[in-house]
Amino acid sequence: MIKKKILIIGAGPAGIGCALRLLEKGFQDFLIIEKNDYAGGLATTFTDENGFLWDIGGHVQFSHYKYFDDAMERSLGKDGWYHHQRESWVWIHDRFVPYPFQNNIHRLDPEIAQECMDTIKSRDLTAIPQNFKEWLTTQFGKKLCEIFMHPYNYKVWAYDSSKLLHNWVSERVAPIDEKVIEENLKLKRDQVSWGPNATFQFPKNGGTGAIWKSLASEIPKENIRYNQKLTSVDLKSKVITLDNGESLEFENLFSTMPLDQLCFLSKDIPDELNKMAKDFKHSSTHVVGIGVKGKLSPELKSKCWMYFPEDNCPFYRTTVFSNYSPNNVPSSEYYSLMTETSSSSDKIVNTEKLVEETIQGLKNTKLIPEDAHIVSQFYYSTEYGYPTPFLKRDEYLKEIIPFLEKHSVFSRGRFGAWKYEISNQDHTFMQGVEWSNFILDGVKEETFSI
Ligand SMILES: Cc1cc2nc3c(=O)[nH]c(=O)nc-3n(C[C@H](O)[C@H](O)[C@H](O)COP(=O)(O)OP(=O)(O)OC[C@H]3O[C@@H](n4cnc5c(N)ncnc54)[C@H](O)[C@@H]3O)c2cc1C
């Protein structure tokens with residue numbers, strides 16, 4: 001039986017980050033097992049039969065780490081990127097409102113804007129929220145939640161926000177500043193930019209997937225196996241089996257597959273932990289891409305992505321993907337819109353009808369004209385799209401992660417760590433890098449903590 005000091009499950013950003021750091025430190029006794037025939041995981045790009053490129057949902061680059069920035073520059077070169085000013089909008093009440101929504105309520109009808117303002121002012125700031133829904137109401141007030149926060153968050157998360165934790169929020173949701181909102185309302189002034197991703201970069205060629213293809217190509221062929229899937233883990237004997245029947249022994253296992261699945265496939269895991277794993281909640285992401293022949297409407301010319309809280313369309317977000325790079329479409333005669341719809345056991349989506357409903361939704365929200373010349377329709381769905389911050393998440397992670405680590409199994413990455421707040425490409429890549437530093441040199445992992 002082959003034995004490796006380190007086995008890595010998954011060649012997404014986390015697995016690649018782990019492998020590249022091991023190599024950088026001169027360590028070669030590792031092997032990556034990837035079930036797909038390509039690297040990149042959820043950060044992958046597909047080209048459809050009409051030559052349109054599609055990411056698995058709107059992926060933009062913004063980073064919290066110098067090490068990640070250097071890897072990005074290395075992957076595509078300094079000139080391999082377009083740099084964009086983030087321009088995000090909310091489509092509501094038949095009009096666009098710049099994001100962050102609460103700072104731009106002057107765009108709403110005056111009486112609705114005033115009601116938003118009044119209920120912001122009458123918030124009970126002493127209330128201690130028990131879940132994300134209560135947190136939203138405390139932060140944004142009743143009316144703003146009623147028209148935007150509650151319906152929008154249900155569309156994104158596919159669960160009522162009363163079923164979600166609120167402690168992950170921090171920089172993900174724009175903080176509220178009562179005075180600024182009131183002033184913007186009085187002066188009818190827009191306020192557009194917010195947060196760490198006010199600008200972002202995007203590959204000139206090949207979409208987001210090009211980054212990870214390039215970085216994966218730095219890993220020697222003998223260190224990575226594609227089209228092979230982990231099917232079981234024997235925690236006691238430190239052996240995994242693959243779908244081809246082969247067994248591999250490890251000293252340490254770095255897994256980026258979904259944590260609940262890892263538990264189900266692990267032998268000797270206590271029943272109570274398996275029960276917790278069965279309770280984990282995730283949502284699925286459905287990407288519908290529409291390629292159109294013709295000119296983009298002037299309204300959409302500089303927009304990056306838009307949020308949709310209302311029920312006149314199935315999607316919660318649409319990205320003007322041809323604005324990210326002209327090479328995302330076959331030629332300048334075309335433009336492309338990439339939509340994301342979520343589903344879960346609480347929010348069932350009829351996938352048979354989704355493309356049709358998406359096209360109708362794009363018309364209802366005036367993103368494309370009634371007579372749009374649609375030349376391409378793309379559909380891709382991933383069962384594991386968003387790691388839901390369900391109420392018992394942290395409690396369960398505190399039990400499961402240390403148990404696995406006692407058996408030298410380390411679960412990291414978007415669905416390995418199950419922490420939405422550290423699940424973007426920069427975070428997941430760095431989870432891999434930092435774990436390598438930990439396992440080789442004992443350096444504390446900064447990004448991942450439970
Ligand atoms: C809709 C959407 C929008 C996003 N937007 C952004 C964004 O704007 N900016 C950003 O930075 N990030 C974004 N992300 C997140 C980004 O895609 C993730 O950070 C990144 O892909 C996670 O990397 P990972 O390696 O942790 O996991 P994954 O990408 O999920 O990789 C895990 C790998 O493990 C493999 N695997 C699973 N099970 C097995 C098995 N049994 N055996 C072998 N291999 C297995 C999978 O095939 C996969 O390749 C978005 C993600 C989604 C879904």
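**Reading a predicted model, element by element**

Guide: Welcome! Let us start at helix 6, where helix 3 (110-121) is part of what covers the buried residues. Please keep in mind that this model is predicted.

Visitor: Which residues of helix 6 are buried?

Guide: The general idea first: an α-helix has 3.6 residues a turn, so residues three or four places apart point the same way. In this case, helix 6 spans residues 178-187, and Ile181, Asn184 and Leu185 are buried. Viewed down the helix axis, the buried residues of helix 6 fall within an arc of 100 degrees, so they line one face.

Visitor: Which exposed residues does the face turned away from the buried side carry?

Guide: On helix 6, that face carries Lys179, Lys186 and Leu187, which are exposed. Val180 also belongs to helix 6, and Val180 counts as partly exposed because it has 13 C-beta neighbours inside 10 Å; a residue needs 20 or more to be buried, and 12 or fewer to be exposed. Just after the helix comes Lys188, with a positive phi near 50 degrees.

Visitor: Now the sheet. In what order do the seven strands lie?

Guide: The order is 7-6-15-16-17-14-18, in an open sheet with mixed pairing. Strand 7 (95-98) and strand 18 (373-387) are at the edges with a single partner strand each, so one side of each has no neighbour in the sheet. From one strand to the next, the twist averages 25 degrees.

Visitor: Which helix packs on the sheet, and which strands does it touch?

Guide: That is helix 11 (residues 351-364), which touches strand 14, strand 17 and strand 18. The direction of helix 11 makes about 55 degrees with that of strand 14.

Visitor: How many bridges join strand 14 and strand 17?

Guide: Strand 14 (residues 282-293) and strand 17 (residues 334-343) are antiparallel, with ten bridges. To follow the register, find Val292 opposite Tyr335 of strand 17, then Gly291, whose bridge partner is Ser336. Strand 17 also pairs with strand 16 (residues 317-320), again in the antiparallel sense, over four bridges; there Val320 stands opposite Leu337.

Visitor: Is strand 17 largely enclosed or open?

Guide: Ten of its ten residues are buried, so strand 17 is largely enclosed by the rest of the structure. Tyr334, Ser336, Met338, Glu340 and Ser342 point one way, while Tyr335, Leu337, Thr339, Thr341 and Ser343 point the other way.

Visitor: And a loop residue: which residues does Gln228 touch?

Guide: Leaving out residues up to four places away in sequence, Gln228 touches Ile33, Lys35, Leu242, Asp243 and Asn244. Gln228 sits in the loop between strand 9 (224-225) and strand 10 (230-234), and is partly exposed because it has 18 C-beta neighbours inside 10 Å. Sequence distance is worth checking too: Gln228 and Ile32 are 196 residues apart along the chain, and their C-alpha atoms are separated by 9.7 Å. For Val180 and Thr428, 248 residues apart along the chain, the C-alpha separation is 34 Å.

Visitor: Finally, the ligand. Which residues come nearest?

Guide: Of the 34 residues around the ligand, Gly10, Gly12, Gly41, Gly57 and Gly413 come nearest. The shell is made up of twelve nonpolar, 16 polar and six charged residues. Helix 1 (13-24) and helix 13 (425-441) supply at least two residues of the shell each.

How values were computed
Residues are numbered from 1 along each chain as its sequence is written. This is a predicted model: local features need pLDDT of at least 70, side-chain atom pairs count only at pLDDT 80 or more; totals for chains, interfaces and linings use all residues. A residue is near a molecule or strand if its C-beta atom, placed from the backbone, lies within 6 Å of it. Ala, Val, Leu, Ile, Met, Phe, Trp, Tyr, Cys and Pro count as nonpolar, Asp, Glu, Lys and Arg as charged, and the others, Gly among them, as polar. The arc is that of the directions from the helix axis to the C-beta atoms. Two residues are in contact if their C-beta atoms, placed from the backbone, lie within 7 Å. Two strands pair if DSSP finds at least two bridges between them. Axes are lines fitted to C-alpha atoms, for helices over the stretch in contact, and angles run from 0 to 180 degrees between N-to-C directions.
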